[in-house]
Amino acid sequence: MNIPFLDNWLNRHETERGAGLAGALADDPAGIAALFSECEMLRVQARAAGLELDGSTGSLEALDQLMPRWRRDPEAVPWLGNDAGFYLGTVIVRSVPGAAWHVWPNGQPVIRLASGRELNVIESGVSWAMTGSPELSQAYAEASEG
């Protein structure tokens, strides 16, 4: 994960990246969830296509239908994929009971479902941005089943 403003914050507060993010999430889960939900690059792409991301499951379906013009820019794909993963995670946390952000020891943010199952939504988002699969709405549907 490479989020410059978050990296700067973590560098000021703790030297071990995973522990820093995990600590920040433990101290301020709502604040970190809000930070993860920003997804500015994805929002710009969606807005340019006439789609406003409102945090709904319907917005995931609408994202799946966008023409993937960003694939023409290989440098943008991983960044957009990170945003897509954070947005997918945001929708899951807001709408699937018991779902919450969690941080693996290596610093990777994931979604932990009430069942204990963990979803690497960032990996799913990057794959979606690169290939269109898995569809974000499909990943959400699987998460909502537990």
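What pattern does the chain follow when read along the sequence? In this predicted model, the chain runs α-α-α-α-α-α-β-β-β-α-α. The chain thus holds eight helices and three strands. Of its 146 residues, 43% are buried. Among the contacts with a separation of 6 or more, 57% are made by residues 24 or more positions apart.

A good place to start the tour is helix α6. Two packed helices are described by the angle between their axes and the distance between the axes. For helix α6 (residues 76-95) and helix α7 (residues 121-131), the angle is about 130 degrees and the axes lie 7 Å apart. An angle of that kind makes α6 oblique to α7, and the crossing of the two is right-handed. By class, 13 nonpolar, six polar and no charged residues take part in the contact of α6 with α7. On the α6 side, the residues that meet α7 include Val 77, Leu 80, Phe 86, Leu 88 and Ile 92, together with Gly 81, Gly 85 and Gly 89. On the α7 side, Val 121, Ile 122, Val 126, Trp 128 and Met 130 are among the residues that meet α6.

Helix α6 also packs with helix α8 (residues 136-144), here at an angle of about 35 degrees and with the axes 10 Å apart. The crossing of α6 and α8 is right-handed. Where these helices meet, α6 supplies Ala 84, Leu 88, Val 91, Ile 92 and Ser 95, while α8 supplies Leu 136, Ala 139, Tyr 140 and Ala 143. The residues of this contact divide into eight nonpolar, one polar and no charged. Leu 88 of α6 appears in the contact with α7 and in the contact with α8, and Ala 84 and Ile 92 likewise meet α7 and α8.

Another residue of helix α6 worth a look is Thr 90. Is Thr 90 buried or exposed? Its relative accessibility is 4%, so Thr 90 counts as buried. Setting aside residues up to four places away in sequence, Thr 90 touches Phe 36, Ser 37 and Trp 101.

The view now moves to the strands. Glu 118 sits in strand β3, which spans residues 118-119. Because its relative accessibility is 27%, Glu 118 counts as partly exposed. Which side chains make polar contacts with the side chain of Glu 118? One is that of Trp 104, joined to Glu 118 by a polar contact of 2.5 Å. Another is that of Arg 112, whose polar contact with the Glu 118 side chain is also listed at 2.5 Å. Beyond its neighbours within four places in sequence, Glu 118 is in contact with His 102, Trp 104, Val 110, Ile 111 and Arg 112. Of these, His 102 is 16 residues from Glu 118 in sequence, and the C-alpha atoms of the pair are 8.4 Å apart in space.

After the strand comes Asn 120, placed in the loop between β3 and α7. Asn 120 is buried, with a relative accessible area of 17%. A polar atom of the Asn 120 side chain lies 3.0 Å from the backbone nitrogen of Glu 123. With neighbours within four places in sequence left aside, the contacts of Asn 120 are with Trp 104, Gln 108 and Val 110. Trp 104 and Val 110 are also among the residues in contact with Glu 118.

Notes:
Residues numbered from 1 in each chain as written. Predicted model: local features only at pLDDT ≥ 70, side-chain atom pairs only at ≥ 80, totals over all residues. Heavy atoms only, no water. Helix = DSSP H or I, 4+ residues; strand = E, 2+ residues; numbered from the N terminus. Buried < 20%, exposed > 50% of the residue type's maximum accessible area, 1.4 Å probe, protein only. Contact = heavy atoms within 4.5 Å. Polar contact = N/O pair within 3.5 Å; in protein donor to acceptor, adjacent residues only side chain to side chain. Axes fitted to C-alpha atoms, helices over the stretch in contact; angles between N-to-C directions. Parallel < 35°, antiparallel > 145°, perpendicular 65-115°, else oblique. Left-handed = near helix turned anticlockwise from the far one by under 90°. Nonpolar A, V, L, I, M, F, W, Y, C, P; charged D, E, K, R; others polar.
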